[in-house]
Structures are given as C-alpha cells and as structure tokens.
Amino acid sequence: MSQPQTSVNDDVSQIYEEVSDWHVNTGDQKVVAKRIKGRFRLRKWLGMSVWLIFFLGPYIRWNGHQAVLFDIPNRQFNFFQLTIYPQDIWMLSLTLLFFAILLAAVTSVAGRVFCGYFCFQTVWTDIYTFIETKLEGDSPQKAMKFKQAPWSLDKTARVLTKHALWIAIALITGISFAAWFTDAYQLWPEIFTLQAPLPVWISMAVFGVFTYVFAGFMREQVCFWLCPYARLQGVMYDQDTVLPAYDAERGEPRGKLKKGQQEDETKGSCIDCKVCVAVCPTGIDIRKGQQEGCITCGLCIDACDSIMDKTNQPRGLIRYASYKELHHDKNVLAMYKRPRVIIYSLILLTALSGIIYGFFTLSPTEFQVIHDRQPLYVRLSDGGIQNKYTLKLLNKTKQPIDVRYDVIGLDGATIHGMSDKITVQPGKVVPVTALVRVPDDKVQKGLVPIEFKAVVLNNSAISTSYESMFMAPE
C-alpha cells in the first residue's frame with residue numbers, strides 16, 4: 001500500500017522542482033506593487049492599524065497624568081495607575097521574553113506574518129508606496145512613463161508633494177517616539193518654540209532620516225540585507241508551517257487564456273497572468289516556490305483568487321498551505337501535537353503568568369533593611385546589646401508619604417536614633433540609621449529573628465515590613 005503513495009509524492013516533488021527558481025531582487029528592479037482588494041489586503045490594513053497605538057498612545061491621560069510614560073530622568077515607568085521602577089525589571093524581562101517567544105511561535109505556525117502585517121519597515125513602506133502610486137502611477141508601466149516624462153509644473157508638484165508627505169510622516173514618527181518619554185501635550189509647544197530638549201531633536205533626526213530613507217528608497221532591500229530577523233525566521237519553519245504557496249500540481253502546465261477560448265484540459269489552472277507577481281510588495285514570483293523575499297502577506301492569494309473568480313475556477317491555486325499538504329504527506333501533525341508549538345506555548349504561559357502576578361502584587365513601596373556588620377553588635381554600659389541597621393524605603397506612589405519605623409518580634413527591643421516621622425517624596429529613597437537596643441535581662445544568645453515595621457501614617461494600607469536578625473554574643 002505504501003508504493004502508490006511514494007510514487008505520488010515523487011511525481012509531485014518533480015513538479016515543484018521543475019517550477020522552482022531562486023531569485024533575489026538586489027535593488028536593480030524598482031518594485032511598484034499593484035494594489036488589489038481582497039481579504040488579505042483587509043487583514044493587512046487591520047494589522048497595520050495596530051501602529052495607531054504608537055502615534056496616539058502618548059496622548060491618553062489617566063488621573064491627570066500621561067497614562068504610559070517612560071520617565072527616564074526619574075528612572076520609572078508609569079503604566080496607568082502602576083509605577084514600575086528598576087527594582088521591578090524582572091517584569092520587563094518577562095514581557096520581552098513573552099513577545100520574543102510569541103514571535104517564534106507565530107512564525108513556526110504561519111511563517112513571517114509579523115513581517116507581512118506588523119513590521120514597522122513593511123508598514124511604513126506600504127504607506128510610502130501608497131502615496132507614491134497615487135501620485136506617480138500604480139503600475140510599473142505608469143511609474144516608468146511618469147519618470148521618463150519631461151519635467152512640467154504638474155510633475156514637479158507631484159514629486160514635491162510626495163517627498164513632503166514622506167518627510168512629514170518621518171518627522172511625526174520621530175516626534176511620536178519622543179512623546180513616550182516626556183509629556184506629549186507639552187512636547188509640541190516645545191518643538192514649535194525650539195525649546196525641546198536635545199534628545200527630542202536627536203529622536204526626530206534619527207527616526208526622520210531612517211524612516212525617509214528606509215521606507216522611501218530602500219524598501220524591500222532593508223528586509224533582504226539589513227534585517228537579521230528575516231534570516232532567523234527562515235530557520236523557524238518546518239514542513240507543517242503554513243505559508244502562501246502555489247499549487248503547482250494543479251496550476252501546471254500554465255498557459256495563457258485568450259478571450260472566448262475553450263477550456264484546454266491539457267493545461268493547468270494557472271493562466272500565467274502574473275497578477276500574483278504584480279501585487280507582491282517585494283516583487284517575487286510565488287510560483288517559483290518559497291523565496292527569501294516572501295513576507296507571507298498573502299496579497300498574491302487575493303490576486304490569484306480574483307483571477308480564479310474571473311475564469312470560473314475554484315479558488316486556492318495560491319493559498320496558505322504546508323509543505324506536507326502540497327506533497328500529499330499524510331503525516332500532517334495537528335497544531336497541538338507539534339513539539340515546538342507545545343514548548344513555545346508553555347514558555348508563553350509561564351511568562352504571561354509571571355507578568356500577571358507582577359501586576360497584581362506590585363507593591364507601592366520597596367522596603368529594605370541592611371544590618372551593619374562592623375561591628376555586629378555593641379555591648380552598652382548597662383549590659384544591654386545594640387545592633388545598627390540602615391533602613392531604606394522607596395516610595396513608588398505619586399504622593400509624599402510619612403513613615404514611622406518600629407520593631408516587633410523581639411522582647412524588650414526598642415528603636416533609637418531616628419525621628420518619629422520621616423517624609424519620603426514620590427520616587428525617592430530616604431536611608432535612615434536605626435539603633436535597636438535590647439536590655440541586659442532580655443538579651444538572647446546568638447541570632448534572634450526581628451521584624452521591622454514601616455508604618456505609613458497617611459496611608460496605612462501600604463505599610464510594609466521586613467524580617468531581619470538581631471545579633472548578640474553566644
């Protein structure tokens with residue numbers, strides 16, 4: 001029973017080998033992608049719309065403050081009612097781990113969909129080329145005709161308009177990036193009055209230049225030659241990964257179809273119209289097999305489906321399909337049985353659990369007690385024992401807090417050397433020295449547990465404590 005299956009697989013593999021060809025556009029060919037409506041174009045627009053958060057996010061207010069603010073000078077990250085300090089860096093680490101593994105998981109399932117729908121390079125390039133095609137022509141022929149046309153007032157106006165829009169988008173990109181690090185509403189007046197801080201100008205210059213050059217001129221060449229992730233994604237594929245693929249078994253041998261021509265049963269479904277190539281933002285021919293430039297955006301599927309509809313053929317000549325599906329391999333694994341998907345899912349679940357735990361348990365204060373080791377203890381003139389500590393309380397709230405320190409858990413212990421009330425400003429730490437004394441008749445030998453209480457007088461709900469040790473001679 002296995003021989004017929006092997007024979008079928010061999011025949012299919014031969015078909016794909018015959019049509020396969022490796023081609024990389026090294027920049028000698030300017031890609032002017034034709035825009036066509038379809039379900040994947042709609043998904044691309046939806047994916048691109050995620051970047052509206054980048055532009056609009058800094059203007060969201062929460063309790064009178066910027067909802068999300070990376071406050072570098074004060075070394076804190078404000079996220080709505082939460083304030084995250086460098087001490088909580090583990091949450092940032094888990095967040096980065098979550099998105100890195102999410103990227104790997106998505107790639108192993110559906111290829112470079114991040115590149116096709118979300119990557120800033122492809123998104124900005126899509127917007128730039130949209131402007132260009134509206135002004136200079138939406139096909140390679142029209143673009144070439146516009147380029148070769150003599151300079152006129154109309155042509156000059158169109159070219160200037162294109163570059164003006166490109167530069168405006170590039171500058172807004174730089175300003176939007178800076179707005180995450182300072183008050184967004186205050187930033188604009190500072191820019192227009194030339195009073196913005198130097199980092200803002202640097203941000204505008206760096207993002208402005210690179211956005212203008214990368215999205216306006218280099219385009220897909222950035223993906224080919226500069227983006228390391230484009231290389232990494234390729235090794236994340238396996239034979240179960242679904243990618244935009246040409247069904248060569250159904251499509252070959254391809255041939256032109258003339259108007260009124262009767263169906264030729266000796267030919268495949270592909271009529272060699274090359275619309276799938278014309279819509280590709282990186283200019284590849286998906287019919288030649290998987291190419292380095294394929295960003296799995298699926299626009300070629302929209303193009304092919306539209307042609308199949310016009311020629312009264314079933315859709316799916318180009319579709320999302322795995323290698324095993326195209327080669328009739330019956331050993332297709334369900335997604336939940338794929339080892340790498342299982343491993344990625346476990347890591348994602350672990351990271352997400354840690355992030356959620358952090359958000360719900362993040363303390364508004366950070367209390368630390370350090371025992372002075374030189375000397376470990378001092379015997380007083382009345383026979384009592386004294387230990388010296390340094391108390392540090394970080395105020396993570398937005399208001400000043402008044403703190404009173406106390407000790408419990410050790411009979412007879414009293415605290416000295418500090419005032420009854422210490423004020424800690426928001427985002428600040430006030431180190432204080434505490435002398436803990438135990439009278440002679442209460443002293444216990446060796447190490448004894450002791451607990452420091454930091455009672456917040458104006459907000460008892462955020463009072464905290466720290467467990468330490470009291471040292472006495474053996």
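Which helix gives the largest share of the nonpolar patch? Hold that thought while we set the scene. This is a predicted model, in which local features need pLDDT of at least 70, side-chain atom pairs count only at pLDDT 80 or more, and totals for chains, interfaces and linings use all residues. Residues are numbered from 1 along each chain as its sequence is written, and side-chain values use heavy atoms, leaving out hydrogens and water.

Let's start with an open, antiparallel sheet of three strands, in the order E3-E4-E5. Strands here are DSSP runs of E with at least two residues, and helices are runs of H or I with at least four, numbered from the N terminus; two strands pair if DSSP finds at least two bridges between them. Strands E3 (68-71) and E5 (82-84) are the edges, each pairing on one side only. Three bridges join E4 (residues 76-79) to E5, and Phe77 has Ile84 in E5 as its bridge partner.

Strand E4 also holds Phe79, which counts as partly exposed because its relative accessibility is 31% (buried is under 20%, exposed over 50%, partly exposed in between, with a 1.4 Å probe and protein chains only). Phe79 belongs to the nonpolar surface patch, together with residues including Trp62 and Leu352. Back to the opening puzzle: helix H17 (residues 339-361) gives the largest share, four residues.

Helix H15 (residues 299-310) offers another view. It is largely enclosed by the rest of the structure, because 10 of its 12 residues are buried. Among them are Leu299, Cys300 and Met308.

Notes:
Patches are made of residues with over 30% relative accessible area and no salt bridge: like charges are joined within 9 Å, nonpolar side chains (Val, Leu, Ile, Met, Phe, Trp, Tyr) within 5 Å. Accessible areas come from the Shrake-Rupley method with a 1.4 Å probe; for residues, only the protein chains shown count as cover. A salt bridge is a side-chain nitrogen of Lys or Arg within 4 Å of a carboxyl oxygen of Asp or Glu.
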